[in-house]
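Here are my notes for when you open this one up. Have a look at the structure first, then go through the points in whatever order suits you.

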Amino acid sequence: MSQLTDDCFAFGGKLIPVADALARFREILVPVVEPETVPLADALGRVLATDVIAGRSVPPHDNSAVDGFAVYFDDLAEGADTVLPVTATIAAGHPLDGPQRRGTATKIYTGAPMPTGPDGTSPDTVLMQEDCRVSGERVVIPNGIKRGANRRFAGEDVKQGARILDAGIRLRPQDIGLAAAVGRTELSVCKPLRVAIFSTGDEVRDPGTDAPDGTIFDSNRHTVSALLRGLGCTVIDMGILPDRLDTIRGGLEGAAGKADMILTTGGVSTGGEDHVRSAVEALGSLHFWRLAIKPGRPVALGQIGKVPFIGLPGNPVAVMVTFLRVARPLIQRLAGAMDKDPALFPVRAAFGYKKKQDRREYVRVTLKLTGAGDLEAVKFDREGAGILSSMVAADGLVELPEDCTGVTAGDIVDYLPFSEVGL
């Protein structure tokens, strides 16, 4: 496992634009997981550890794109129909036994290998069977066909020796299919990033347990666990730890011994019962990145030994926003995956909104189709960072950059669909 340098998260104390923070991550972070080889059937959703190079061409031979008749184009009459004898039939997987003679046609089926010919020549054109007329053992070929029609060349899809899949991609069904097409039966993938998570607080209860007055059910831990699993991580759930420094310190020490990363929500402020901060500082180092982002508060980044630590805000919406736009790319890097920025799409705002300059803000919205057939973003009617139901009702976020000071209904804004970040 690769190791991070001491204090790799150390950064200045000024308010940091989100883009600058992400650029910093890309400079300092390296994968911390080892590769392993798995069968294709187990590779879906895994991060590819090494490039895949094609060991053969696809298709491996010239073949027919249609059911029809293979001919030499130069045997066709110019300006008139051509009548040729049909001397053989070729099916997929059954090459013609011997060369096709000049002045003949061969019945050929889709995917069947093109026949070869004498003296280094070969049939180069295929006529679709519905365009031809068959009379006994002869075929009547109409005028007007183009040379090379309906013939697929060897290597038309993939050439032998080409890099067909890049290390760092998260494998999709089509990626696995392409690997199979070049004969691969297994792939080298990154082992899942092991992430330890826990909640703290004497007021926090697990769903399904008693919740007396003054207590709340733990939603953040379950939200974060689901977000991590969506990234292919192995989640080590440490449960809920009480507000005691010795217990939290022991939990962090135990997590550092079996996880590649530790992630918590809340408990890292300067409050009297916020012991996570003190425990992390006692075991390693902690840095607060004052990100210019709303909803969200300072994101705590640090290390316990060589194990990275992320402390997200405590409010449920702030947890999700900072996870999606800050923690997610960091986790992708540690897991060996590419962390390219998600695509934003221009839509028309159906709301007005004021914001502070020099801060990136995310507005919860739902896309609606107008009577004119255009898409517009409708803002959720409440803005609180603790309203988790707003993330259920929304289908994406409008991202307002630092230099924006407000939105007027009708403005074009950048829309981030949840599907772009795996939700």
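**Notes on the model**

1. Let's start with a loop. Asp-119 sits in the loop that runs between strand E6 (105-108) and strand E7 (125-128). Keep in mind that this is a predicted model. The phi of Asp-119 is near 55 degrees, so a positive value in a residue other than glycine. As for its surroundings, Asp-119 is exposed, with a relative accessible area of 79%.

2. Asn-150 is another one to check on a Ramachandran plot: its phi is near 60 degrees, again positive and again not a glycine. You'll find Asn-150 in the loop between strand E9 (138-141) and strand E10 (151-152). Asn-150 counts as partly exposed, because its relative accessibility is 24%. As background, most residues other than glycine have a negative phi, and most peptide bonds are trans.

3. On that note, which residues are joined by a cis peptide bond? Val-58 and Pro-59 are one such pair, with omega at about -10 degrees, and Pro-59 belongs to the loop between strand E2 (52-53) and strand E3 (63-64). Lys-294 and Pro-295 are also joined by a cis bond, here with omega at about -5 degrees. Pro-295 is in the loop between strand E19 (293-294) and strand E20 (299-304).

4. Pro-295 leads on to Thr-322, since the two are in contact. Thr-322 is in helix H6 and counts as buried because its relative accessibility is 0%. Beyond its neighbours within four places in sequence, Thr-322 also touches Ile-293, Gly-296, Val-299, Leu-312, Pro-313 and Ala-327. A polar atom of the Thr-322 side chain lies 3.3 Å from the backbone oxygen of Val-319.

5. Now the largest pocket, which holds about 730 Å³ of space. How many residues line the largest pocket? There are 31, and Arg-170, Arg-328, Gln-332, Glu-420 and Val-421 are the ones nearest its centre. By class, the lining has 15 nonpolar, six polar and 10 charged residues. Helix H1 (18-28), helix H3 (220-230) and helix H6 (316-334) each give at least two residues to this lining, and H6 has the largest share, with seven.

6. H3 deserves its own look. Its buried residues include Asn-220, Arg-221, Thr-223, Val-224, Ser-225, Leu-227 and Leu-228. Among the elements covering the buried residues of H3 are strand E13 (194-200), strand E16 (234-241), strand E17 (261-265) and H6. After H3 comes Gly-232, with a positive phi near 85 degrees.

7. Gly-232 turns up again in the lining of the largest cavity, along with Arg-46, Val-47, Arg-170, Cys-190, Lys-191, Pro-192, Leu-193, Leu-231, Cys-233 and Ala-335. This cavity has about 70 Å³ of space, and the count of cavities of 30 Å³ or more comes to three. Its lining divides into seven nonpolar, one polar and three charged residues. Arg-170 is in this list and is also one of the residues nearest the centre of the largest pocket.

8. Two cysteines line that cavity, Cys-190 and Cys-233, so why is there no bond between their sulfurs? The sulfur of Cys-233 has its closest cysteine sulfur in Cys-190, but at 11 Å that is too far for a bond. A search of the whole structure turns up zero disulfides. Cys-233 counts as buried, at 7% relative accessibility, and Cys-404 counts as buried at 14%.

9. Last one: is Asp-395 buried or partly exposed? Asp-395 counts as partly exposed, because its relative accessibility is 29%. Asp-395 is in the loop between helix H7 (389-393) and strand E26 (396-400). The side chain of Asp-395 makes a polar contact with the side chain of Tyr-415, at 2.9 Å. Leaving out residues up to four places away in sequence, Asp-395 also touches Val-365, Thr-366, Leu-367, Pro-417 and Phe-418. Ser-219 is 176 residues from Asp-395 along the chain, and their C-alpha atoms are separated by 20 Å.

Technical notes
Residues numbered from 1 in each chain as written. Predicted model: local features only at pLDDT ≥ 70, side-chain atom pairs only at ≥ 80, totals over all residues. Heavy atoms only, no water. 1 Å grid on protein atoms, 1.4 Å probe; cavity = no way out; pocket = protein on both sides within 12 Å on 5 of 7 lines; lining within 4 Å. Points joined across faces, edges and corners; volume = space filled by probe spheres on them. Helix = DSSP H or I, 4+ residues; strand = E, 2+ residues; numbered from the N terminus. Nonpolar A, V, L, I, M, F, W, Y, C, P; charged D, E, K, R; others polar. Buried < 20%, exposed > 50% of the residue type's maximum accessible area, 1.4 Å probe, protein only. Contact = heavy atoms within 4.5 Å. Polar contact = N/O pair within 3.5 Å; in protein donor to acceptor, adjacent residues only side chain to side chain. Disulfide = S-S within 2.5 Å.
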